[in-house]
Amino acid sequence: MTMLAIWNIDWQVLADATALGAVYALMAVGIGLVFGVLRLVNFAYGQLVMAGAFALALASQWGWPQWAGIVLCFAVVLVLSMLMDRLVFRPLRGHSPAVMLVATFAVAFLLQSIALLWFGPLGKIATSLAYLNRPVTISHVDIRKITIVAVLVAVLCLVALALLLERTTVGLHMRASSMDFQTARMLGVRANRVIGMAVLVSGALAAVVAIMLTVQTPLVTPDFALRDTIIVLAGVVLGGMNRPIPATLGGFAIGFASGLLGGALPTNQSQYLPTFLFAAVILVLLVRPGGVFARGNAVERV
Amino acid sequence: MNGLVVRHLDVRYGGVHAVRDLSFEVAPGEIVGLIGANGAGKSSTLHAIMGVAPATGEVLLGGRSLRGRRPEDVARDGIALVPEGRRIFAELTVEENLRLGLAARRGRGGAGAALRGVYELFPVVEEFRRRQAGALSGGQQQQLAIARALVAEPDILLLDEPSLGLAPTVVDVVFAALAAIRDRGIGVLLVEQRAQRTVAASNRCHVLANGELRVTLGPENADDTETMVAAYFS
């Protein structure tokens, strides 16, 4: 640990970095799932998380019990995901990826502006799950409960997703569609069903991420999760876009690196954190354009 | 079993007129060939039937129009396509590829019987069912592609150049399978480059050039090279 000690890294920082990596991994899978079937990078993913976070904040403001807040969060994010698919993705399906990307930018800023109008720039505070920030002591190391919860929840979600993709018919259809959508459709795979399922699962993951992030950052503002989304997008590209496992690893890696650097750098330098991260991303992509964890030619086919 | 009727089909991609006023029929239990040079409009015809090419005219299955239907609905109505280049899902197992083919089956149950039916026709597919499909040879992949289309138990089977790039012995296997498929009462529309072979195997064989039907040959014309060459270059 001497080397690490110089860098001001201790077990606590490592634990926090792991938790951030876990949350980012979930976001990466959420973005990757939709990309797989639609070849669409959903830039508005962060605003889904933001909406879920506001739902939690409102629920705690109204004095709702914890479970009701979580249910509301899932309901809001899932409904919003489905609306996004019906109103934006579906009409634009078959257009060029550039058109779709710009459309998701528009949706992102629209949602952010709506949040600004409704809740103001100062935001709201989600307190109902704040107790998870209290530490537990494991062999002389203080670790916040949320760290453990985040890692466990992420593992659980990923295992459930793997079972869905590997063991069910709709999962098989999703995998085939992300490999070759047209052939899958000509075999009778229903496009709307597969895309709807991907959007739904991706939305559920966004809700989970909203819950995890509000524990760590209880102040919910209209730009909540925006920075995280940009970092995760870099991570997804870093890992390799159209496969769940590389995307997950990419998300985890960038979250972990981000947490580690955030803990290691002195406070007056941590504002440069994104600079370091993106410099690293550019460097990696110059060397491996298909992604670090991708096999062969996994470059986006657009 | 339902027959396929194509009437006055036109396919245009922007300024390119790929298929012009094409009409033909495929009845249950017969093989109809579609031959012609590259760019004659053979694949475009298949794509128009599947609903993935911009087309005008009429396509009927069992008297019902398929116009404007989505590809997944055309497949579920009973038309299965073995696409050009096989389009096997290389990263999935052989069995998973077959399960994808089951997506277009009408009605539930009976999947086991459908699988047994194709295993009987293509023993090699059953033998390698646990392998990654990408690890199969070209000929085995072609058999898998046909098997994948057949498990949907279609009325009509469309094949886009199934013999392309295959060794002669494997071509024999494919053509023997087509005869067996026809004998099960399925209507087969076979797009091919191997003209002589296709004319011999088909009940009727239409020769396309420049998107138009030029001449229709019967099995008795299989050795009539002169007529075939004339049709190709007309």
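Two strands pair here if DSSP finds at least two bridges between them. With that in hand, start in chain B, and keep in mind that this is a predicted model. Strand β9, residues 204-209 of chain B, pairs with β10(B) in the antiparallel sense, over 5 bridges. One partnership to look up on the screen is B:A209, whose bridge partner in β10(B) is B:E212.

Now the sheet around that pair. It is an open sheet of 6 strands in chain B, in the order β6-β7-β8-β3-β9-β10, and the pairing is mixed. Which strands are at the edges? They are β6 (79-82) and β10 (212-217) of chain B, each of which pairs on one side only. From one strand to the next, the twist averages 20°.

A helix lies across this sheet's strands β3 (31-36), β7 (156-160) and β8 (187-192): it is α7 of chain B, residues 168-183. Relative to β8(B), α7(B) runs at about 155°.

Next, the contact between the chains. On the chain B side there are 20 residues, in contact with 16 residues of chain A. Elements of chain B that give two or more residues to this side are α2 (71-77) and α3 (94-101). By class, the chain B side divides into 12 nonpolar, 1 polar and 7 charged residues.

Over to chain A, and helix α4, residues 66-92. The 27 residues of α4(A) reach 38 Å from first C-alpha to last, close to the 39 Å expected at 1.5 Å a residue. Where does α4(A) bend? The bend is at A:D85, by about 35°. A:D85 is also one of the buried residues of α4(A). Others among them are A:G69, A:I70, A:C73, A:V76, A:V77, A:L80, A:M84 and A:F89. As general background, an α-helix has 3.6 residues a turn, so residues three or four places apart point the same way.

What covers the buried residues of α4(A)? The cover includes four helices of chain A: α2 (11-38), α3 (45-61), α5 (97-119) and α9 (191-216). Just after α4(A), A:G94 takes a positive phi of about 95°.

Last item, also in chain A: a hairpin. Strands β2 (residues 135-138) and β3 (residues 141-144) run antiparallel and are joined by 4 bridges. Within the hairpin, A:V136 stands opposite A:I143 of β3(A). There are 2 residues between β2(A) and β3(A), and A:S139 in the turn has a positive phi of about 35°.

Key
Residues numbered from 1 in each chain as written. Chains lettered and ligands numbered in written order. Predicted model: local features only at pLDDT ≥ 70, side-chain atom pairs only at ≥ 80, totals over all residues. Expected span 1.5 Å × (residues − 1). Bend = angle between axes of the 7 residues up to and from the residue. Buried ≥ 20, exposed ≤ 12 C-beta atoms within 10 Å, placed from the backbone. Contact = placed C-beta atoms within 7 Å. Nonpolar A, V, L, I, M, F, W, Y, C, P; charged D, E, K, R; others polar. Axes fitted to C-alpha atoms, helices over the stretch in contact; angles between N-to-C directions.
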